[in-house]
Amino acid sequence: MHICLWADTGKTFTMLGDDGDDAKGVIPRAVEEIFETIHIRESLGLAHHTVKIDMSEIYNEEVRNLSSMASNDNVVKTKTQALGALKEALSKRAVAKTSRNERSSRSHFIFRLSIYSYNEKMEMCEGALNIIDLAGSEAADSDATKEVQAEAKAINKSLLYLGTTIGQIERGAEFINFRNSQLTRELHVKIVKLILI
Amino acid sequence: MCASYLIFFLPLLPIQGYINEVDLLKNQLYRAEALRSDMHNQLMELKGSIRVFCRVRPILDKSSSEDGAVYCLEKGQFVGRRVYLETSSGAIKAFTCNRVFPPGVSQNDIFVEISGLVKSAMDGKKVCIFAYGQTLVKHLPC
């Protein structure tokens, strides 16, 4: 059986990419840019920074923490450390090898960098970069096993609720419902700005 | 009064000028950084606080037919914000988003668009980036 390479639209490729400088995805590039900027700012004496990395996945409406660094509350000091943590987390992700696509991710992957910067007067400023690789929505397949069908159901449901929530934010609705699915719950505290790809 | 004034002032005299200059430059740097951050923030707000980008994946294996998939039309429709899709039944649908990336773009081109948001995160904003897309269709000739 050959694997259909084109069975995925390329979300994970865009976000994570492959090995090699040209094929790197958004996440490694963002990590590099952040640590470069920190280096410049610190050498100019503009600010002092602490970066925390936090990764989790939502699989069948269950949140799993993927960052296992027990020490220092997930603080990362260098780009190498951050990318290492990312690699470790990815190896723990649930990827069901279905008849579809080996790389097709069956869970939502949430990558979160919190950047705390302190200026000369020790005033703290907290920024965050959340990158979410959503699992692909899919059409129900009668060939698929019950387990895979349940996965698909959970994925489609949470994507629907994410859409509803973003719609409410965009409209400026008075009440924004974050509680329908684990995905929106996870994002609730962190969302101020939403950017969609 | 007079004595303490002399002790304080005289020994520092040669380097005082440099210290003043360093302070001045530091202040200018802080102000320039604050201005940059402010301008960057305005730029991001003008671009829109919710943005949708569309990246069109190239067809990787031309010999196999992508049965049931939608096709992106190829004649120059990727310019700017609209993407045209042809479904298997032949209907053509147009979608508008903030920017369309045609199949040829590199990973770096994508990141250039995103890097503004990375800067925002460094300036203390909270940023979310979602990657969304269909995990294809039912019938795969595996």
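How many contacts beyond four places in sequence does the model have for residues 192–197 of chain A, where pLDDT stays under 50? The model has 26 of them. Keep that stretch in mind as you start, for this is a predicted model. Where pLDDT is low, the predicted coordinates should not be read in detail.

**Stop 1: colour by confidence**

Colour both chains by pLDDT. Chain A averages 76, with 78% of its residues scoring at least 70. In chain B the mean is 74, and 68% of the residues reach 70 or more. For the complex, the predictor gives an ipTM of 0.77 and a pTM of 0.77.

Now go element by element in chain A. Strand S6 (residues 195–196) has the lowest mean pLDDT among the elements there, at 44, while helix H2 has the highest, at 92. Select residues 96–104 of chain A as well: pLDDT stays under 50 here too, and the model has 23 contacts beyond four places in sequence for this stretch.

**Stop 2: helix H2 of chain A**

Next, select residues 26–43 of chain A. This is H2, a helix of 18 residues that reaches 26 Å from its first C-alpha to its last, close to the 26 Å expected at 1.5 Å a residue. Show the side chains of A:Val26, A:Ile27, A:Pro28, A:Arg29, A:Ala30, A:Val31, A:Ile34, A:Phe35 and A:Ile38, which are buried in this helix.

What do those buried residues pack against? In chain A, their partners are helix H1 (11–15), strand S1 (48–59), helix H3 (79–91), strand S4 (108–118) and strand S5 (124–133). Chain B joins in with its helix H2 (107–122).

Zoom in on A:Ile34. Leaving aside its neighbours within four places in sequence, A:Ile34 is in contact with A:Val51, A:Leu113 and A:Ile115, and with B:Val118 and B:Met122 from the other chain. In soluble globular proteins, nonpolar side chains tend to be buried together. Here the largest nonpolar core has 49 residues, and A:Ile27, A:Ile34 and A:Ile132 are the ones that touch the most other members.

Before leaving, find A:Gly45, which follows H2 of chain A and has a positive phi, near 75°.

**Stop 3: two loops in chain A**

Step back to A:Asp19, in the loop between H1 and H2 of chain A. Is A:Asp19 buried or exposed? A:Asp19 is exposed, because 7 other C-beta atoms lie within 10 Å, and a residue counts as exposed at 12 or fewer. Draw a distance from the C-alpha of A:Asp19 to that of A:Asn65: the two are 46 residues apart along the chain and separated by 25 Å.

Then select A:Asn60 and A:Glu61. A:Asn60 lies in the loop between S1 and strand S2 (62–65) of chain A, and A:Glu61 lies in the loop between S1 and S2 of chain A as well. Check their backbone angles: A:Asn60 has a positive phi of about 50° although it is not a glycine, and A:Glu61, not a glycine either, has a positive phi of about 65°. A:Asn60 is partly exposed, with 15 other C-beta atoms within 10 Å. A:Glu61 is partly exposed, with 15 other C-beta atoms within 10 Å.

**Stop 4: helix H4 of chain A**

Move on to residues 146–171 of chain A, helix H4. Its 26 residues reach 38 Å from the first C-alpha to the last, close to the 38 Å expected at 1.5 Å a residue. Highlight A:Glu151, A:Ala152, A:Ala154, A:Ile155, A:Ser158, A:Leu162 and A:Thr165, which are buried. S1, S4 and helix H5 (182–188) of chain A are included in what covers them. After H4 comes A:Gly172, with a positive phi near 70°.

**Stop 5: chain B**

Hide chain A and look at chain B, with two helices and six strands. From the N terminus on, the elements run α-β-β-β-β-β-α-β. Buried residues make up 17% of its 142 residues. Among contacts between residues at least 6 apart in sequence, 48% join residues at least 24 apart.

Colour chain B by domain: domain 1 is assigned to 1–49 and domain 2 to 51–142. Six residues of domain 1 are in contact with six of domain 2. The domain 1 side of that contact has one nonpolar, four polar and one charged residues.

Finish with confidence again. Among the elements of chain B, strand S2 (residues 71–72) has the lowest mean pLDDT, at 60, and H2 the highest, at 89. Over residues 137–142 of chain B the pLDDT is below 50, and this stretch has 16 contacts in the model beyond near neighbours in sequence.

Notes: Residues numbered from 1 in each chain as written. Chains lettered and ligands numbered in written order. Predicted model: local features only at pLDDT ≥ 70, side-chain atom pairs only at ≥ 80, totals over all residues. Helix = DSSP H or I, 4+ residues; strand = E, 2+ residues; numbered from the N terminus. Expected span 1.5 Å × (residues − 1). Buried ≥ 20, exposed ≤ 12 C-beta atoms within 10 Å, placed from the backbone. Contact = placed C-beta atoms within 7 Å. Core = buried A, V, L, I, M, F, W, Y, C linked by C-beta atoms within 7 Å. Domains from an automatic or database assignment. Nonpolar A, V, L, I, M, F, W, Y, C, P; charged D, E, K, R; others polar. pLDDT = per-residue confidence, 0-100.
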